[in-house]
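Work through the exercises below with the model open. Each task is followed by its solution.

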Amino acid sequence: MSGTNVIATTGSRSGRRRSKLGWNLLGLLVFVTAGFPVYWMLNTAFKPAKDAIDPDPSLLPTSLTFSNFGRALDIADFWGPVGRSLVVSLTVVVIGVAVGMLAALAISRFAFRGRKVVIVGILAVQMVPLVAMIIPVFLLLNDLGQYDRLTGLIITYLTFILPFTVWTLRGFIVNIPRELEEAAMVDGCSRTTAFLRVVFPLLAPGMVATSVYGFIQAWNEYLYALMLMSQQNQTATVWLSNFTTKHGTEYAPMMAGSTMMAVPIVVLFLLVQRKMAAGLTAGAVKG
């Protein structure tokens, strides 16, 4: 019996090791698949322009140059589109999180007529393809005098970022026990004070995670920025199209421009990574 138990235990440990090795290999495969485009972007950005169009490219860089970044800055105005993208993205995040938090709180904590309709409506809006709304949005903004204006682009982005924000924050608020608010109100706090002192600190990681995703959506959006803004008011994503001309595409400067565009996202993520990690795991364990 003892020998059988030893064999069973050994087999169980061996099976766990094989399973762990399999999951590690799968994780490594996912990492390589997701990270290779980023690596190739950086590799091409620092390559000489002639090497970027080589039909037999090298996986590893053979020589490095910073001339592509200078070319990217000279080919068209860089700081103007980046500044406009930052203004639009930050404004959308601030308004979206502020309004979305209040809407999510109302949906999660209060029972009112039409509550289920609102929830279904939020989901339905997220299911509508963005391409299907281009013409109605264009006509509406043109009638309101908001075509080719940053305010019009901000309003447009809010139409698809706000539902995402409301739905995401609702999930975080639902995982915060009502008893915490009720205990604070028993101690003399008003509902507003109980929210600010009890719920808001617990909701902060979720707000950070939602803000980062909202910022990335607004920063990387291309279709509406192309259709609703002129060349003089183009955003950073549309600015990248300047590298495609009638003479061809300048791939090395384009990748250099893409690298510079990725810097704000990387910096933002590094600043809030701890809060974001806490927000992504919030509600994983209850009790």
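**Exercise 1. Place Asn-43 in its element and decide whether it is buried or exposed.**

Step 1: Asn-43 is found in helix α1. Helices (H or I, at least four residues) and strands (E, at least two) are DSSP runs, numbered from the N terminus. The model is predicted: local features need pLDDT of at least 70, side-chain atom pairs count only at pLDDT 80 or more, and totals for chains, interfaces and linings use all residues. Residues are numbered from 1 along each chain as its sequence is written, and side-chain values use heavy atoms, with hydrogens and water left out.

Step 2: The relative accessible area of Asn-43 is 5%, so the residue is buried. Buried means under 20% relative accessible area, exposed over 50%, partly exposed in between (1.4 Å probe, protein chains only).

Step 3: Not counting residues up to four places away in sequence, Asn-43 touches Ser-58, Leu-59 and Pro-61. Contact here means heavy atoms within 4.5 Å.

**Exercise 2. Describe the surroundings of Thr-249.**

Step 1: Thr-249 is found in strand β2, residues 248–249.

Step 2: Its relative accessibility is 24%, so Thr-249 counts as partly exposed.

Step 3: Leave aside neighbours within four places in sequence; Thr-249 is then in contact with Phe-243, Thr-244 and Met-254.

Step 4: Ile-53 is 196 residues away along the chain, yet the C-alpha atoms of Thr-249 and Ile-53 are separated by 9.5 Å.

**Exercise 3. Summarise the chain.**

Step 1: Count the elements: the chain has 12 helices and two strands.

Step 2: Read the order from the N terminus: α-α-α-α-α-α-α-α-α-α-α-β-β-α.

Step 3: Of the 287 residues, 35% count as buried.

Step 4: Take contacts between residues at least 6 apart in sequence; 72% of them join residues at least 24 apart.

**Exercise 4. How do α7 and α9 pack?**

Step 1: Two packed helices are described by the angle between their axes and the distance between the axes. For α7 and α9 the angle is about 160°, and the axes are 10 Å apart.

Step 2: That makes α7 roughly antiparallel to α9. Angles under 35 degrees count as roughly parallel, over 145 as roughly antiparallel, 65 to 115 as roughly perpendicular and the rest as oblique.

Step 3: The crossing of α7 and α9 is right-handed (the near helix is turned clockwise from the far one by less than a right angle).

Step 4: Contact residues of α7 include Phe-164, Leu-169 and Phe-172, and those of α9 include Leu-203, Met-207 and Tyr-213.

Step 5: By class, this contact of α7 with α9 has 10 nonpolar, six polar and no charged residues.

**Exercise 5. Which residues touch the most other members of the largest nonpolar core?**

Step 1: A nonpolar core is a set of buried Ala, Val, Leu, Ile, Met, Phe, Trp, Tyr and Cys residues joined through side-chain atoms within 4.5 Å.

Step 2: The largest such core has 32 residues, and Leu-169, Leu-203 and Trp-239 touch the most other members.

Step 3: Elements that give two or more residues to this core include α1 (2–45), α7 (150–174) and α9 (191–220).

Step 4: A second, separate core of 17 residues includes Ile-134, Val-137, Tyr-224 and Val-238.

Step 5: Return to Trp-239. Its contacts beyond four places in sequence include Ala-72, Phe-78, Pro-81 and Gly-257.

Technical notes: Axes are lines fitted to C-alpha atoms, for helices over the stretch in contact, and angles run from 0 to 180 degrees between N-to-C directions. Ala, Val, Leu, Ile, Met, Phe, Trp, Tyr, Cys and Pro count as nonpolar, Asp, Glu, Lys and Arg as charged, and the others, Gly among them, as polar.
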